[in-house]
Amino acid sequence: MTTETITAHASGTWNLGDLPVHRLGLGAMRLTGSAAFHHGVPSRRERSLDVLRTALELGVNHIDTAAFYFSALRSANELINSALAPYPDDLVIATKVGPHREYDGEWGTAARPDQLRGHVEENLRQLGRDHLDLVYLRRMRQESIAEHFGALAELREAGLVRHLGISSVQPRHLAEARAIAPVVAVQNRYALDRPDSNADELLRLCGESGIAFVPFYAVAGEVGERGATDAHDEDVRALARAHGVTPAQIRIAWTLSRGPHVLAIPGTGNPDHLRQNVAAGALRLTGTEVARLDAGRRQEG
(Lines give C-alpha, C1' and ligand atoms only; values in the text may rest on other atoms or scores of the structure.)
Protein backbone atom coordinates (compact mmCIF):
# COMPACT_ATOMS: atom_id res chain seq x y z
CA MET A 1 0.00 0.00 0.00
CA THR A 2 1.47 3.34 -1.01
CA THR A 3 0.93 6.41 1.17
CA GLU A 4 2.34 9.22 -1.00
CA THR A 5 -0.87 10.56 -2.51
CA ILE A 6 -3.52 9.25 -0.14
CA THR A 7 -5.42 11.99 1.69
CA ALA A 8 -8.14 12.05 4.31
CA HIS A 9 -10.72 12.37 1.51
CA ALA A 10 -10.34 8.61 0.99
CA SER A 11 -11.88 7.90 4.40
CA GLY A 12 -15.25 9.37 3.45
CA THR A 13 -17.19 12.11 5.21
CA TRP A 14 -19.66 12.56 8.05
CA ASN A 15 -21.53 15.59 9.32
CA LEU A 16 -20.99 16.79 12.87
CA GLY A 17 -24.27 18.65 12.98
CA ASP A 18 -23.92 21.03 10.04
CA LEU A 19 -20.13 20.62 9.87
CA PRO A 20 -18.85 18.05 7.32
CA VAL A 21 -15.60 16.33 8.24
CA HIS A 22 -13.51 13.56 6.79
CA ARG A 23 -13.80 10.39 8.82
CA LEU A 24 -10.03 10.26 9.37
CA GLY A 25 -9.03 13.06 11.73
CA LEU A 26 -6.22 13.86 14.14
CA GLY A 27 -6.06 13.53 17.90
CA ALA A 28 -3.87 16.24 19.46
CA MET A 29 -2.87 14.45 22.66
CA ARG A 30 0.41 13.10 21.26
CA LEU A 31 1.54 16.47 19.87
CA THR A 32 2.91 17.45 23.27
CA GLY A 33 5.31 14.56 23.89
CA SER A 34 6.26 10.93 23.37
CA ALA A 35 3.36 10.01 25.65
CA ALA A 36 0.36 11.97 26.86
CA PHE A 37 0.46 14.54 29.63
CA HIS A 38 3.70 14.31 31.66
CA HIS A 39 4.35 10.62 31.01
CA GLY A 40 6.85 10.99 28.17
CA VAL A 41 9.53 13.29 26.80
CA PRO A 42 8.22 16.67 25.58
CA SER A 43 8.05 16.96 21.81
CA ARG A 44 10.17 19.14 19.57
CA ARG A 45 8.03 22.15 18.85
CA GLU A 46 8.84 22.40 15.14
CA ARG A 47 8.03 18.74 14.55
CA SER A 48 4.64 19.11 16.23
CA LEU A 49 3.89 22.19 14.15
CA ASP A 50 4.91 20.21 11.05
CA VAL A 51 2.47 17.43 11.98
CA LEU A 52 -0.40 19.90 12.17
CA ARG A 53 0.44 21.66 8.91
CA THR A 54 0.95 18.35 7.13
CA ALA A 55 -2.39 17.11 8.44
CA LEU A 56 -4.18 19.97 6.73
CA GLU A 57 -2.19 19.41 3.55
CA LEU A 58 -3.42 15.80 3.62
CA GLY A 59 -7.04 16.88 3.91
CA VAL A 60 -7.55 16.37 7.64
CA ASN A 61 -10.28 18.79 8.72
CA HIS A 62 -11.20 17.38 12.15
CA ILE A 63 -8.82 17.87 15.09
CA ASP A 64 -9.62 16.66 18.58
CA THR A 65 -7.96 18.50 21.47
CA ALA A 66 -8.40 19.76 25.05
CA ALA A 67 -6.95 22.43 27.30
CA PHE A 68 -5.70 19.64 29.60
CA TYR A 69 -3.53 18.21 26.79
CA PHE A 70 -0.18 19.60 27.87
CA SER A 71 3.24 18.31 28.88
CA ALA A 72 6.04 20.01 30.79
CA LEU A 73 6.86 22.20 27.77
CA ARG A 74 4.03 21.93 25.27
CA SER A 75 0.31 22.75 25.04
CA ALA A 76 -1.72 21.09 22.29
CA ASN A 77 -4.03 24.08 21.96
CA GLU A 78 -1.14 26.53 21.72
CA LEU A 79 0.50 24.38 19.04
CA ILE A 80 -2.74 24.25 17.05
CA ASN A 81 -3.14 28.02 17.30
CA SER A 82 0.47 28.69 16.29
CA ALA A 83 0.46 26.25 13.38
CA LEU A 84 -2.99 26.79 11.87
CA ALA A 85 -4.42 30.22 12.72
CA PRO A 86 -6.01 31.91 10.89
CA TYR A 87 -8.02 28.72 10.60
CA PRO A 88 -9.40 27.38 7.31
CA ASP A 89 -13.17 27.67 7.06
CA ASP A 90 -13.63 23.90 6.78
CA LEU A 91 -11.50 22.98 9.81
CA VAL A 92 -13.49 21.60 12.76
CA ILE A 93 -11.77 21.70 16.14
CA ALA A 94 -13.37 19.62 18.88
CA THR A 95 -12.40 20.00 22.51
CA LYS A 96 -13.38 18.52 25.86
CA VAL A 97 -14.27 20.06 29.21
CA GLY A 98 -14.83 18.65 32.66
CA PRO A 99 -11.42 17.29 33.72
CA HIS A 100 -8.83 19.71 35.07
CA ARG A 101 -5.06 19.55 35.48
CA GLU A 102 -2.92 21.87 37.59
CA TYR A 103 0.14 23.56 36.09
CA ASP A 104 2.39 20.91 37.65
CA GLY A 105 0.53 18.26 35.67
CA GLU A 106 -1.44 16.76 38.55
CA TRP A 107 -5.15 16.12 38.05
CA GLY A 108 -7.38 18.48 39.97
CA THR A 109 -11.00 18.22 41.00
CA ALA A 110 -13.43 17.79 38.10
CA ALA A 111 -15.37 20.90 37.22
CA ARG A 112 -18.71 21.72 38.78
CA PRO A 113 -21.41 22.79 36.33
CA ASP A 114 -20.86 26.46 37.17
CA GLN A 115 -17.15 26.10 36.33
CA LEU A 116 -17.65 24.80 32.79
CA ARG A 117 -17.90 28.28 31.32
CA GLY A 118 -14.35 28.90 32.56
CA HIS A 119 -13.20 25.69 30.87
CA VAL A 120 -14.83 26.75 27.61
CA GLU A 121 -13.33 30.24 27.83
CA GLU A 122 -9.86 28.79 28.48
CA ASN A 123 -10.11 26.72 25.29
CA LEU A 124 -11.30 29.79 23.40
CA ARG A 125 -8.34 31.80 24.69
CA GLN A 126 -5.75 29.13 23.91
CA LEU A 127 -7.11 28.42 20.44
CA GLY A 128 -7.73 32.07 19.59
CA ARG A 129 -11.38 31.48 18.69
CA ASP A 130 -14.60 33.38 19.37
CA HIS A 131 -16.57 30.13 19.52
CA LEU A 132 -15.84 26.42 19.71
CA ASP A 133 -17.06 24.11 16.93
CA LEU A 134 -17.71 21.08 19.14
CA VAL A 135 -17.38 20.67 22.90
CA TYR A 136 -17.60 17.30 24.62
CA LEU A 137 -18.62 16.97 28.23
CA ARG A 138 -16.16 14.40 29.56
CA ARG A 139 -18.01 12.55 32.30
CA MET A 140 -15.99 12.15 35.47
CA ARG A 141 -17.79 9.22 37.10
CA GLN A 142 -20.92 11.17 38.06
CA GLU A 143 -24.16 9.17 37.93
CA SER A 144 -26.08 11.91 36.13
CA ILE A 145 -24.69 14.34 33.55
CA ALA A 146 -27.86 16.43 33.33
CA GLU A 147 -26.66 19.42 35.34
CA HIS A 148 -23.25 19.57 33.64
CA PHE A 149 -24.67 19.06 30.15
CA GLY A 150 -27.36 21.63 30.85
CA ALA A 151 -24.66 24.18 31.67
CA LEU A 152 -23.01 23.50 28.30
CA ALA A 153 -26.37 23.77 26.56
CA GLU A 154 -26.67 27.29 28.00
CA LEU A 155 -23.26 28.16 26.55
CA ARG A 156 -24.44 26.82 23.21
CA GLU A 157 -27.46 29.09 23.37
CA ALA A 158 -25.14 31.99 24.21
CA GLY A 159 -23.11 31.34 21.04
CA LEU A 160 -19.85 30.23 22.67
CA VAL A 161 -20.32 26.65 21.45
CA ARG A 162 -21.73 25.48 18.12
CA HIS A 163 -22.30 21.78 18.80
CA LEU A 164 -22.25 19.48 21.83
CA GLY A 165 -20.98 15.98 22.47
CA ILE A 166 -20.50 13.66 25.43
CA SER A 167 -17.55 11.45 26.35
CA SER A 168 -16.79 8.49 28.64
CA VAL A 169 -20.47 7.78 29.07
CA GLN A 170 -22.86 4.88 29.32
CA PRO A 171 -25.88 4.41 27.03
CA ARG A 172 -28.29 5.92 29.56
CA HIS A 173 -26.28 9.16 29.55
CA LEU A 174 -26.90 9.61 25.83
CA ALA A 175 -30.65 9.61 26.40
CA GLU A 176 -30.22 11.95 29.34
CA ALA A 177 -28.22 14.46 27.28
CA ARG A 178 -30.48 14.31 24.23
CA ALA A 179 -33.45 15.27 26.40
CA ILE A 180 -31.62 18.56 27.11
CA ALA A 181 -29.97 19.53 23.81
CA PRO A 182 -28.87 17.94 20.51
CA VAL A 183 -25.84 15.62 20.71
CA VAL A 184 -23.76 15.37 17.52
CA ALA A 185 -20.98 13.06 18.78
CA VAL A 186 -20.13 10.52 21.45
CA GLN A 187 -16.49 9.90 22.30
CA ASN A 188 -15.70 6.74 24.26
CA ARG A 189 -12.78 4.42 24.66
CA TYR A 190 -13.11 1.72 22.03
CA ALA A 191 -10.51 -0.58 20.55
CA LEU A 192 -10.09 -3.88 18.77
CA ASP A 193 -8.37 -5.43 21.79
CA ARG A 194 -10.73 -3.94 24.38
CA PRO A 195 -14.20 -5.56 24.29
CA ASP A 196 -16.79 -3.33 25.96
CA SER A 197 -20.52 -4.05 25.82
CA ASN A 198 -21.44 -0.48 26.82
CA ALA A 199 -19.33 0.96 24.00
CA ASP A 200 -20.82 -1.55 21.55
CA GLU A 201 -24.31 -0.43 22.57
CA LEU A 202 -23.37 3.24 22.21
CA LEU A 203 -21.95 2.51 18.77
CA ARG A 204 -25.30 0.99 17.77
CA LEU A 205 -27.41 3.76 19.30
CA CYS A 206 -25.34 6.46 17.64
CA GLY A 207 -25.66 4.78 14.25
CA GLU A 208 -29.44 4.59 14.59
CA SER A 209 -29.65 8.27 15.54
CA GLY A 210 -27.18 9.74 13.04
CA ILE A 211 -24.72 10.66 15.79
CA ALA A 212 -20.97 10.36 15.26
CA PHE A 213 -19.17 7.75 17.37
CA VAL A 214 -15.56 8.80 17.95
CA PRO A 215 -13.35 6.17 19.62
CA PHE A 216 -10.28 7.21 21.56
CA TYR A 217 -7.24 4.98 22.19
CA ALA A 218 -8.33 2.90 19.19
CA VAL A 219 -4.69 2.45 18.19
CA ALA A 220 -3.13 2.74 21.65
CA GLY A 221 -5.32 -0.05 22.98
CA GLU A 222 -4.51 -1.11 26.52
CA VAL A 223 -1.43 1.14 26.60
CA GLY A 224 -3.76 4.14 26.56
CA GLU A 225 -2.24 7.52 27.32
CA ARG A 226 1.30 6.15 27.34
CA GLY A 227 1.43 5.67 23.58
CA ALA A 228 0.58 3.29 20.75
CA THR A 229 0.59 -0.40 21.56
CA ASP A 230 2.90 -2.90 19.88
CA ALA A 231 0.99 -5.84 21.38
CA HIS A 232 -0.86 -6.79 18.20
CA ASP A 233 -2.32 -10.28 17.97
CA GLU A 234 -1.45 -12.60 15.12
CA ASP A 235 -4.64 -11.91 13.17
CA VAL A 236 -3.78 -8.20 13.06
CA ARG A 237 -0.19 -8.92 12.07
CA ALA A 238 -1.24 -11.42 9.40
CA LEU A 239 -3.66 -8.95 7.81
CA ALA A 240 -1.01 -6.22 7.96
CA ARG A 241 1.39 -8.49 6.04
CA ALA A 242 -1.30 -9.40 3.51
CA HIS A 243 -2.12 -5.74 2.80
CA GLY A 244 1.45 -4.48 3.02
CA VAL A 245 0.60 -2.07 5.84
CA THR A 246 1.37 -1.64 9.53
CA PRO A 247 -0.66 -3.25 12.34
CA ALA A 248 -1.70 0.25 13.43
CA GLN A 249 -3.20 0.86 9.97
CA ILE A 250 -5.20 -2.36 10.30
CA ARG A 251 -6.53 -1.17 13.64
CA ILE A 252 -7.59 2.16 12.12
CA ALA A 253 -9.25 0.40 9.16
CA TRP A 254 -11.12 -1.90 11.56
CA THR A 255 -12.27 1.14 13.55
CA LEU A 256 -13.67 2.80 10.42
CA SER A 257 -15.34 -0.48 9.41
CA ARG A 258 -17.67 -0.26 12.43
CA GLY A 259 -20.02 2.04 10.55
CA PRO A 260 -20.20 5.16 8.37
CA HIS A 261 -20.84 7.25 11.50
CA VAL A 262 -17.53 6.21 13.12
CA LEU A 263 -14.74 8.79 13.04
CA ALA A 264 -11.10 7.91 13.71
CA ILE A 265 -8.83 10.38 15.52
CA PRO A 266 -5.44 8.62 15.80
CA GLY A 267 -2.87 10.82 17.48
CA THR A 268 0.80 11.20 16.65
CA GLY A 269 3.68 13.61 16.96
CA ASN A 270 5.51 12.04 14.01
CA PRO A 271 4.89 13.29 10.44
CA ASP A 272 5.65 9.86 8.95
CA HIS A 273 3.18 8.16 11.28
CA LEU A 274 0.64 10.83 10.39
CA ARG A 275 0.93 9.96 6.70
CA GLN A 276 0.46 6.27 7.53
CA ASN A 277 -2.58 7.02 9.68
CA VAL A 278 -4.19 9.13 6.97
CA ALA A 279 -3.45 6.45 4.36
CA ALA A 280 -5.29 3.91 6.51
CA GLY A 281 -8.48 5.77 5.64
CA ALA A 282 -8.23 4.26 2.16
CA LEU A 283 -7.77 0.69 3.41
CA ARG A 284 -10.91 -1.40 3.00
CA LEU A 285 -11.07 -4.67 4.87
CA THR A 286 -13.23 -7.41 3.40
CA GLY A 287 -16.19 -8.79 5.31
CA THR A 288 -14.21 -11.96 5.93
CA GLU A 289 -11.27 -9.99 7.33
CA VAL A 290 -13.50 -7.95 9.62
CA ALA A 291 -15.20 -11.12 10.84
CA ARG A 292 -11.79 -12.64 11.57
CA LEU A 293 -10.83 -9.65 13.71
CA ASP A 294 -14.23 -9.57 15.40
CA ALA A 295 -13.93 -13.24 16.32
CA GLY A 296 -10.62 -12.57 18.06
CA ARG A 297 -12.17 -9.61 19.87
CA ARG A 298 -15.03 -11.73 21.16
CA GLN A 299 -12.56 -14.33 22.44
CA GLU A 300 -10.67 -11.64 24.35
CA GLY A 301 -13.92 -10.51 25.93
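How much accessible surface does the protein chain have, and what share of that surface belongs to carbon and sulfur atoms? With the whole chain of this predicted model selected and a surface drawn over it, you are looking at about 12,700 Å² of accessible area, 48% of which belongs to carbon and sulfur atoms.

Next, switch to a cartoon view of the protein chain, where ten helices and nine strands can be followed. Reduced to its C-alpha trace, the chain spans about 50 × 40 × 35 Å along its principal axes. A compact globule of 301 residues would have a radius of gyration near 19 Å, and because the protein chain has 18 Å, the two values agree.

Then colour the residues by burial: of the 301 residues in the protein chain, 56% count as buried. If you display contacts between residues at least 6 apart in sequence, 74% of them join residues that are at least 24 apart.

Now select the charged side chains, which comprise 33 positive and 37 negative charges, and note that the mean positions of these two sets are 2 Å apart.

Finally, turn to the aromatic rings, among which a search of the whole structure finds five pairs. Select Phe216 and Tyr217, whose ring centres are 5.1 Å apart and whose planes stand at 75°, so this pair is edge-to-face; Phe216 and Tyr217 are both buried. As a last stop, select Phe68, Tyr69 and Trp107 together, since ring pairs link these residues into a cluster.

Definitions and conventions. Residues are numbered from 1 along each chain as its sequence is written. This is a predicted model: local features need pLDDT of at least 70, side-chain atom pairs count only at pLDDT 80 or more; totals for chains, interfaces and linings use all residues. Side-chain values use heavy atoms; hydrogens and water are left out. Helices (H or I, at least four residues) and strands (E, at least two) are DSSP runs, numbered from the N terminus. The radius of gyration is taken over C-alpha atoms; the globule rule is 2.2 Å times the number of residues to the power 0.38. Buried means under 20% relative accessible area, exposed over 50%, partly exposed in between (1.4 Å probe, protein chains only). Contact means heavy atoms within 4.5 Å. Accessible areas come from the Shrake-Rupley method with a 1.4 Å probe; for residues, only the protein chains shown count as cover. Lys and Arg count as positive and Asp and Glu as negative; His and the chain ends are not counted. The place of a charge is taken as NZ of Lys, CZ of Arg, CG of Asp or CD of Glu. Rings of Phe, Tyr and Trp (its six-membered ring) pair if their centres lie within 6.5 Å; planes under 30 degrees apart count as stacked, over 60 as edge-to-face and the rest as tilted.
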